[in-house]
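Dear colleague,

Please find the structure below, handed over for your consideration. A short account of what was found in it follows.

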Amino acid sequence: MRSKALSSDSSQISKERIYVALLAAIQFAHIVDFVVLMPLGPTLMEYFTISPKQFATLVSSYSFSAAIAGICYGVIADRFGRKNLLIFCFLGFIIGTLLCGLTNDFRILLSARIVAGCFGGVLNGIVFAIVTDLIPFERRGNAMGIVMSAFSIASILGVPIGLAISDEFGWQKTFWFIAFFSLPILLASIWIFPHLKDHLREASVKEELLRFFKLLKNMDYFKAYILILIIGTSSFMLIPFLSPYGVKNVGIDAKDLKYVYLIGGLFTVITSRMIGRMTDRFGTLRVFIILALVSFLPIYLYTNAAPMSLFTYLAMSAFFMVIVSGRFIPAMTMVSAVANKDERGTFMGLLNSIRAWASALATLIAGAIIVEQDNGKLENFDLVGYLSMAVTLAAIAFSFVIYKIVQRKQIQEIRNEENN
């Protein structure tokens with residue numbers, strides 16, 4: 001009997017690994033689509049003869065679209081099977097990305113980016129909802145680490161591959177490549193994932209809308225949204241301005257920035273797995289607090305950096321990426337345990353929308369503080385760093401609130417199981 005139980009556990013863990021790997025591949029595909037647009041900036045600005053402001057509109061259109069779509073997704077998330085929603089949104093993302101590669105007009109490209117963001121941004125919430133559905137809490141930290149490492153892999157591979165394809169065949173072919181690369185992942189998703197319909201319940205559209213607004217009033221969920229909003233704000237105050245500060249103030253050659261993505265991404269891929277395992281072993285709250293406190297050092301070093309060698313700059317950048325992005329792993333694992341099973345899709349959709357809004361809000365705040373001097377250098381980046389640290393302290397304080405909610409939920413689940 002014991003050998004059968006062990007065999008069953010081993011089989012289940014093997015299935016979980018396949019699910020997580022496929023979810024990470026989906027994350028990789030839609031994140032590459034978002035990340036690759038930034039290094040293509042000079043090419044697109046020259047091709048369409050557009051200003052930096054217009055290019056910024058092109059980049060931000062994806063995030064704003066994703067944020068709005070996340071709210072709409074939240075209304076219907078638990079009305080449909082997770083697999084069906086995943087397939088629908090992934091297919092929409094592929095179509096939107098393919099449209100980006102089929103146009104020579106800036107307005108059509110902008111529209112195509114909105115379509116891609118509408119579906120690609122929602123994919124993030126669906127993926128995390130499926131991770132929460134398929135992976136038990138005691139192994140979820142490691143799974144979250146693997147799925148979230150897709151961002152690092154996208155940075156490592158997406159930037160150089162996107163630029164190489166653009167240089168050799170034209171920028172449109174970069175989006176062709178992403179779309180066709182995504183097709184086998186879509187087919188594998190159709191074949192491998194279970195339907196995931198346990199959370200469904202019959203309800204009219206009116207009932208779903210009432211349930212959605214009731215969910216918005218759920219104070220436990222609201223507090224979880226606040227934590228992610230705070231963490232996202234503290235990170236995205238800095239991230240959009242790291243490269244400009246490195247070039248203008250630290251003296252790094254713009255051509256060497258690709259090594260920042262390569263080295264930082266490699267270290268983050270490795271450490272994401274480590275942080276995920278530490279989260280499962282030592283607990284979400286403890287790991288988050290440690291990473292949040294340690295993050296003060298790379299934030300201070302980066303935002304107060306003076307001219308330095310490329311090697312030192314790469315080491316500092318890698319340290320920043322590992323710690324600052326690593327904070328999301330225990331935070332997301334903790335927050336994922338707040339939602340009830342039948343409301344998880346809606347919860348994750350809204351959570352993803354909150355993250356998108358946080359990135360836009362943080363960028364606007366930092367942009368209002370940072371000014372460019374006559375010599376081209378950026379001023380007040382150190383002030384943004386101190387503000388980011390202050391926001392991080394708020395996140396640490398608020399994490400205790402979320403942890404108590406998770407503990408209460410777990411005790412309640414144990415009691416329900418005992419009663420059943």
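Patches are built from residues with over 30% relative accessible area and no salt bridge, like charges being joined within 9 Å and nonpolar side chains (Val, Leu, Ile, Met, Phe, Trp, Tyr) within 5 Å. A salt bridge is a side-chain nitrogen of Lys or Arg within 4 Å of a carboxyl oxygen of Asp or Glu. Accessible areas come from the Shrake-Rupley method with a 1.4 Å probe, and for residues only the protein chains shown count as cover.

The model is predicted: local features need pLDDT of at least 70, side-chain atom pairs count only at pLDDT 80 or more, and totals for chains, interfaces and linings use all residues. Residues are numbered from 1 along each chain as its sequence is written, and side-chain values use heavy atoms, with hydrogens and water left out.

On the surface, L91, I95, L99, L102, W176, F180 and L183 make a nonpolar patch of about 640 Å². Helices (DSSP runs of H or I, at least four residues, numbered from the N terminus) α4 (82–100) and α7 (171–192) each supply at least two of the patch residues. W176 lies in α7 and counts as partly exposed because its relative accessibility is 31%, between the limits for buried (under 20%) and exposed (over 50%).

Turning to the interior, S295 sits in the loop between α12 (284–294) and α13 (296–303). S295 is buried, since its relative accessible area is 0%. Leaving out residues up to four places away in sequence, S295 touches I323, V324, R327 and T392, where contact means heavy atoms within 4.5 Å.

Yours sincerely

Conventions: Buried < 20%, exposed > 50% of the residue type's maximum accessible area, 1.4 Å probe, protein only.
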